[in-house]
Amino acid sequence: MPDDLSSHTPTPAPVSASEPADAIRPDWWSKSLGGVILGFTLAVALSGVFAWAGPGGAQALNKYQFNMWMLAPIWLGIVSFCFLFRSGRDCWTWLGGANLAAYAALYVCRALFR
Amino acid sequence: MRTDVVRVYKSVHTWTGIVTGLILFIAFYAGALTMFKEPLDRWIAPPAPVSTAGLEKGSELIDGALALRPEAATGFSLVLAEGNGRPLHVTWERMRNDPDPWSAILAPDGSVEVTQLDPAGIGLLVDIVHRTAGVPGDLDLGTAVTGIASALYVVALVSGVIILLPSLVKDFLVLRVGRNLKRMWLDAHNVVGIVSLPFHIVMALSAVVFGLHDQFYDTLNEVVYEGRMRTVIEGSSPMRTLKRDPRPAAMLPPAEILARVKAFEPGFAPASLQYQGYGTGGALVRVWGADPRYLVRREGFLLMSAATGAVVDTEYMPGHQGTWSSAVSAFFSLHFGSFGGGTVRWGYFFLGLAGAFLFYSGNLLWIESRRKTERRHGGLVAQSRSTALMAAGTVGVSLGCIAGLSLTIAAGKWLHGAVEDLNGWHHGVYYAVFLGACVWAFVRGAARAGVELLWATAAATAAIPATTLLAGLLPGLGLWVSDSLGVDLVALAGALVFAWMARANARRIRQGPADSVWSGRRLRLEEAAGTAD
């Protein structure tokens, strides 16, 4: 690990000899917004699928509290790791796709288990 | 680990850390103190009024208190003598989180005495500073601020681990004390962060939930529950099976209620009985208490009918909860440290202080990374304005928080009985010291203010044991010695640590390298240059 922590300016990753050719781009704004917004909507959908289709169904005693607690680790896990996407566009594409799948699952579950 | 990944996550760590560091410092320092809220309250409170009434007089006390204060009938608690440092008493609040609720005891002559229970509310103040990081005004606003800061804190934790991973084996638990001070601070920051990582993950995630649960529930209501979440919540309420019954009815005596609780669960230690609708057929009693064998929220409760003694609900009763309720209780418990007794309390206290150190050292590292090094014979190097401001802010906010809490605790005993609104005074003293320290740090600069504020913090903290000492030596002062001497001992140890830090800081200002925001030599040179112009 280099001995400085001074990489505070959000500059595009410089290409150096040690850097792999497919180095991930920082894309701060697009990745941060993608992680925060799409990460949250994805967490809501996954919590919703768990609420309807998970053990006990939507009406299980006090399960709604557990469903709410689930949001924090899913959402912030996505925000934390979204910077691993190669680019901001990748981040939005993959998280957007995951959101579509998760909301489709949520609507199916709600229709099936209502 | 690929270097590009490490580079990206270094930036993530720097930004999330620098934005949240000072908010989290306050939350962690005050949070460490909340582990000993009750001893703090007892430290300030004057000797409890005398009452020898036992539980067998419970009904008599309740009836007497309600005859004097009928408004309490809607909701009040009968607090047991055991473990509360006070005799058996009835207490009721005028509002939620009432800092100074009313209380009634049974005097030795059989009459009922009504007093304000705890005009200080110091435990509540420490708790509010913890939950809001001292953001004044609406509690919801402050908790939302700490909730968002905690969300960034989760990201800071993950990114910090990612950038440490490549060198973890080499650097783990290595503290290189030596000439390279920045290396030493970085080692210390990494060791504390990694060793207490599980604690920090638990705190960060649960604090996000505590801060943002309203927004979370609103979203789930709209998106997941089709706007019908209220019925789901009502379906889970402990009162879900009850019907209203306002007809007058005889109440079971408290001793009988507790006998039934003991029969239901012998391992449960009751602390208080919270009544609702006392004197009616639908009257309920929540028997609050602890069971050290289980992870519970601060306390659990058994819900019973106060008229018949029948068990109504066990969803919050340790060991009798359903799957979901006990899982959620475990999350609460891991945040509050309300399990495992005194060992866990002390462990959480020190982990909380270590967390405060983590954020403080993080800010120092940010400043050091931006340091412009002086070249040999190159003359004076001016440090950037941003590092000077960050240094001043770090010193002012963190020492202001510590000194403010220490002084407002000590002031509680002196102001007791001398002022009308003691709780308001507690807030006033805290904010005056906190804001004063911040202003002082920016006016004087980080280097000088650091030493001066450390001495002030040491003095404010030493005021706590000094007050107890004076109370014992000079009874004429009208002070008193409380039964929580642990508060005095911890404060004394803290004051000594702050004094040691003040001396070490003064040495650095005199002798440390001049090309630093912490150098006094630079200040003198700058002043000399200023007068020459």
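Let us start in the middle of a sheet: strands β5(B) and β6(B) run antiparallel and are joined by 7 bridges. Strands here are DSSP E runs of at least two residues, helices are H or I runs of at least four, and both are numbered from the N terminus; two strands pair if DSSP finds at least two bridges between them. Within this pairing, Leu273(B) sits opposite Val287(B) of β6(B). Before going further, please keep in mind that this is a predicted model, in which local features need pLDDT of at least 70 and side-chain atom pairs count only at pLDDT 80 or more, while totals for chains, interfaces and linings use all residues. Residues are numbered from 1 along each chain as its sequence is written, and chains are lettered from A and ligands numbered from 1 in the order in which they are written.

Stay with β6(B) for a moment. Of its 7 residues, 7 are buried, so the strand is largely enclosed by the rest of the structure. Buried means that 20 or more other C-beta atoms, placed from the backbone, lie within 10 Å of the residue's own; 12 or fewer makes a residue exposed, and anything in between partly exposed. In a regular strand, side chains alternate between the two faces of the sheet. In β6(B), one side carries Leu284(B), Arg286(B), Trp288(B) and Ala290(B), the other Val285(B), Val287(B) and Gly289(B), and all are buried.

The next step leads to β7(B), which is antiparallel to β6(B) and joined to it by 6 bridges. Here Gly289(B) has Gly300(B) as its bridge partner, and Val285(B) stands opposite Met304(B). Strand β7(B), residues 300-305, is also largely enclosed by the rest of the structure, because 6 of its 6 residues are buried. Gly300(B), Leu302(B) and Met304(B) point one way, while Phe301(B), Leu303(B) and Ser305(B) point the other way.

From β7(B), a hairpin with 5 residues between the strands leads to β8(B), and Gly309(B) in the turn has a positive phi of about 80°. These two strands run antiparallel with 2 bridges, and Leu303(B) has Asp313(B) as its bridge partner.

Now step back to see the whole sheet. Its 8 strands follow the order β4-β3-β2-β1-β5-β6-β7-β8 in chain B, forming an open sheet with antiparallel pairing. At the edges are β4(B) and β8(B), each pairing on one side only. Neighbouring strands are turned by 30° against each other on average, direction ignored. Elsewhere in the sheet, β2(B) and β3(B) are antiparallel over 3 bridges, with Trp92(B) opposite Trp102(B).

Two helices lie across these strands. Helix α3(B) crosses β1, β2, β3 and β4 of chain B at about 65° to β4(B), while α10(B) lies across β1, β5, β6, β7 and β8 of chain B at about 125° to β5(B). Such angles run from 0 to 180 degrees between N-to-C directions, with axes fitted to C-alpha atoms, for helices over the stretch in contact.

Finally, turn to the partner chain. Chain A has 3 helices and 0 strands, and 43% of its 114 residues are buried. Between the chains, 45 residues of chain B are in contact with 38 residues of chain A, contact meaning C-beta atoms, placed from the backbone, within 7 Å. On the chain B side, α1(B) gives the largest share, 11 residues.
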